Amino acid sequence: MSDAGKQAVLQMKYARVIDVMASLGGITPEEAMDLFYNAPLMPLIQEGVADLHCRSDEYLAKEILRDAGRLPVGSVESVHPSSGE
């Protein structure tokens, strides 16, 4: 795949993650976009660190919202399941 093709696929991924962030966080798409592009995780996704771009849209959205303190109470457990202890 060409670099332009890879970038197009990543841009579509970003759009889906932003949409999920808006839904889960109860925020506008504009607020979700701002959080996404300013999140510490975003450059790591972009660079392909630990294959983060392969994670589900929901997982990435929850991680970014959690880091920003914008994830509603009770939603964190599905991202970081408890060990049952």
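This is a short walk through the fold, from its helices to its core and loops.

The model is a predicted one. It contains four helices and zero strands. Along the sequence the pattern reads α-α-α-α. Of the 85 residues in the protein, 31% are buried. Contacts also reach across the sequence. Take those between residues at least 6 apart: 51% of them join residues at least 24 apart.

Start in the middle. The largest nonpolar core has 20 residues. Val17, Met21, Phe36, Ile45 and Ile64 have the most contacts inside this core. Four helices each supply at least two of its residues: α1 (3-25), α2 (29-38), α3 (41-47) and α4 (57-67). The biggest share comes from α1, which gives six residues.

Isoleucine 45 shows how the core is joined up. Leaving aside residues up to four places away in sequence, isoleucine 45 touches Tyr14, Phe36, Leu52, His53 and Leu60. One of these partners, Phe36, is itself among the core residues with the most contacts.

Now take the helices in pairs. Two packed helices are described by the angle between their axes and the distance between the axes. For α1 and α2, the angle is about 120° and the axes lie 8 Å apart. Angles over 145 degrees would count as roughly antiparallel, and 65 to 115 as roughly perpendicular. The pair α1 and α2 is therefore oblique. Their crossing is right-handed.

Which residues make this contact between α1 and α2? From α1 come Gln11, Tyr14, Val17, Ile18, Met21 and Ala22. They meet Pro29, Ala32, Met33, Leu35, Phe36 and Tyr37 in α2. The contact of α1 with α2 divides into 11 nonpolar residues, one polar and no charged. The α1 list includes Tyr14, Val17, Ile18 and Met21. The spacing has a simple background. An α-helix has 3.6 residues a turn, so residues three or four places apart point the same way.

Methionine 33 is worth a stop. It lies in helix α2. Methionine 33 and isoleucine 18 are 15 residues apart in sequence, but their C-alpha atoms are 5.7 Å apart in space. Taking part in the contact with α1 does not hide methionine 33 fully: at 42% relative accessibility, this residue counts as partly exposed.

Next comes α1 against α4. These two helices pack at an angle of about 60°, and their axes are again 8 Å apart. That angle makes α1 oblique to α4. This crossing, too, is right-handed. On the α1 side, the contact uses Lys13, Arg16, Val17, Val20, Met21, Leu24 and Gly25. On the α4 side are Asp57, Glu58, Leu60, Ala61, Lys62, Ile64 and Leu65. Here the make-up is eight nonpolar, one polar and five charged. Compare that with the contact of α1 with α2, which has no charged residues. Val17 and Met21 appear in the contact with α2 and in the contact with α4. Both are also among the core residues with the most contacts.

One charged residue in the contact of α1 with α4 deserves a closer look. Is lysine 13 buried or exposed? Lysine 13 sits in helix α1. Its relative accessible area is 9%, so lysine 13 is buried. Not counting residues up to four places away in sequence, lysine 13 touches His53, Arg55, Ser56, Asp57 and Leu60. Of these, His53 and Leu60 are also touched by isoleucine 45.

The partner helix α4 has its own buried set. Asp57, Leu60, Ala61, Lys62, Glu63, Ile64 and Leu65 are buried there. The cover over the buried residues of α4 includes α1, α2 and α3. After α4 comes glycine 69, whose phi is positive, near 70°.

Last, look at the loop between α3 and α4. Alanine 50 lies in this loop, and so does aspartate 51. Alanine 50 has a phi near 55°, a positive value in a residue other than glycine. Aspartate 51 also has a positive phi near 55° and is likewise not a glycine. Their accessibilities fall into separate classes. Alanine 50, at 65% relative accessibility, counts as exposed. Aspartate 51, at 46%, counts as partly exposed.

Terms used
Residues numbered from 1 in each chain as written. Predicted model: local features only at pLDDT ≥ 70, side-chain atom pairs only at ≥ 80, totals over all residues. Heavy atoms only, no water. Core = buried A, V, L, I, M, F, W, Y, C linked by side-chain atoms within 4.5 Å. Buried < 20%, exposed > 50% of the residue type's maximum accessible area, 1.4 Å probe, protein only. Contact = heavy atoms within 4.5 Å. Axes fitted to C-alpha atoms, helices over the stretch in contact; angles between N-to-C directions. Parallel < 35°, antiparallel > 145°, perpendicular 65-115°, else oblique. Left-handed = near helix turned anticlockwise from the far one by under 90°. Nonpolar A, V, L, I, M, F, W, Y, C, P; charged D, E, K, R; others polar.
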